[in-house]
Amino acid sequence: MSQTTDKKRKIKEIRIKTEWCKGCGICVDICPKQVLAMDYMTPVVVSLGSCIACGLCEINCPDFCLEVILEESDR
Ligand code: SF4
Ligand code: SF4
């Protein structure tokens, strides 16, 4: 089976350091794909398969709680 060679930025995991999180909800509001949702005061990943690895959640979290982990690229 053929495979595309330019499969870049494939999401593996979104790590959330909940102990740093103040529950502002910015990450949930800014995600264009509704990957994250608030569970009371904590963001949770509800739809990792929808994530396009844009990095907006990580960049915009004021408390540096989020880390977008990509699959290892084979390039
Ligand atoms: S990387 Fe982009 S699409 Fe994925 S959870 Fe963060 S904001 Fe949403
Ligand atoms: S943007 Fe950061 S501090 Fe705010 S809810 Fe999301 S993870 Fe927590």
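Student: Before we look at residues that stand opposite each other, when do two strands count as paired?

Tutor: Two strands pair if DSSP finds at least two bridges between them. Keep in mind that this is a predicted model. Here β2, residues 36-39, and β3, residues 42-45, run antiparallel, and the number of bridges joining β2 to β3 is four.

Student: Nice! Which residue in β3 stands opposite alanine 37?

Tutor: Let's walk along the pair of strands. Aspartate 39 has threonine 42 of β3 as its bridge partner. For alanine 37, the residue standing opposite in β3 is valine 44.

Student: How many residues lie between β2 and β3 in the hairpin, and what is special about the turn?

Tutor: Tyrosine 40 is found in the loop between β2 and β3. Its phi is positive, near 60°, even though the residue is not glycine. Most residues other than glycine have a negative phi. The hairpin's count of residues between β2 and β3 is two.

Student: Is tyrosine 40 buried or exposed, and why?

Tutor: A residue is exposed if 12 or fewer other C-beta atoms lie within 10 Å of its own. Tyrosine 40 has 6 C-beta neighbours inside 10 Å, so this residue counts as exposed.

Student: Which residue in the loop between α2 and β4 has a positive phi of about 55°?

Tutor: The loop in question runs between α2 (56-60) and β4 (66-70). The residue we want is exposed, because 11 other C-beta atoms lie within 10 Å. It is not a glycine, yet its phi is positive, about 55°. That residue is phenylalanine 64.

Student: Now for the ligands: which residues come nearest to ligand 1?

Tutor: The shell around ligand 1 divides into 13 nonpolar residues, one polar and one charged. Of the 15 residues around this ligand, those that come nearest are Cys31, Val35, Cys51, Cys54 and Cys57.

Student: And which residues come nearest to ligand 2?

Tutor: The shell around ligand 2 holds nine nonpolar, two polar and two charged residues. Of the 13 residues around ligand 2, the nearest are Cys21, Cys24, Cys27, Cys61 and Cys65.

Student: Great, one last topic: which residues does leucine 66 touch?

Tutor: Leucine 66 belongs to the largest nonpolar core, which has ten residues. Among the other members are Ile14, Cys31, Val35, Leu36, Cys51 and Cys65. Leaving aside residues up to four places away in sequence, leucine 66 touches Ile14, Ile16, Cys27, Cys57, Glu58 and Cys61.

Conventions. Residues are numbered from 1 along each chain as its sequence is written. Chains are lettered from A and ligands numbered from 1 in the order in which they are written. This is a predicted model: local features need pLDDT of at least 70, side-chain atom pairs count only at pLDDT 80 or more; totals for chains, interfaces and linings use all residues. A residue is near a molecule or strand if its C-beta atom, placed from the backbone, lies within 6 Å of it. Ala, Val, Leu, Ile, Met, Phe, Trp, Tyr, Cys and Pro count as nonpolar, Asp, Glu, Lys and Arg as charged, and the others, Gly among them, as polar. A nonpolar core is a set of buried Ala, Val, Leu, Ile, Met, Phe, Trp, Tyr and Cys residues joined through C-beta atoms within 7 Å. A residue is buried if 20 or more other C-beta atoms lie within 10 Å of its own, exposed if 12 or fewer, and partly exposed in between; C-beta atoms are placed from the backbone. Two residues are in contact if their C-beta atoms, placed from the backbone, lie within 7 Å.
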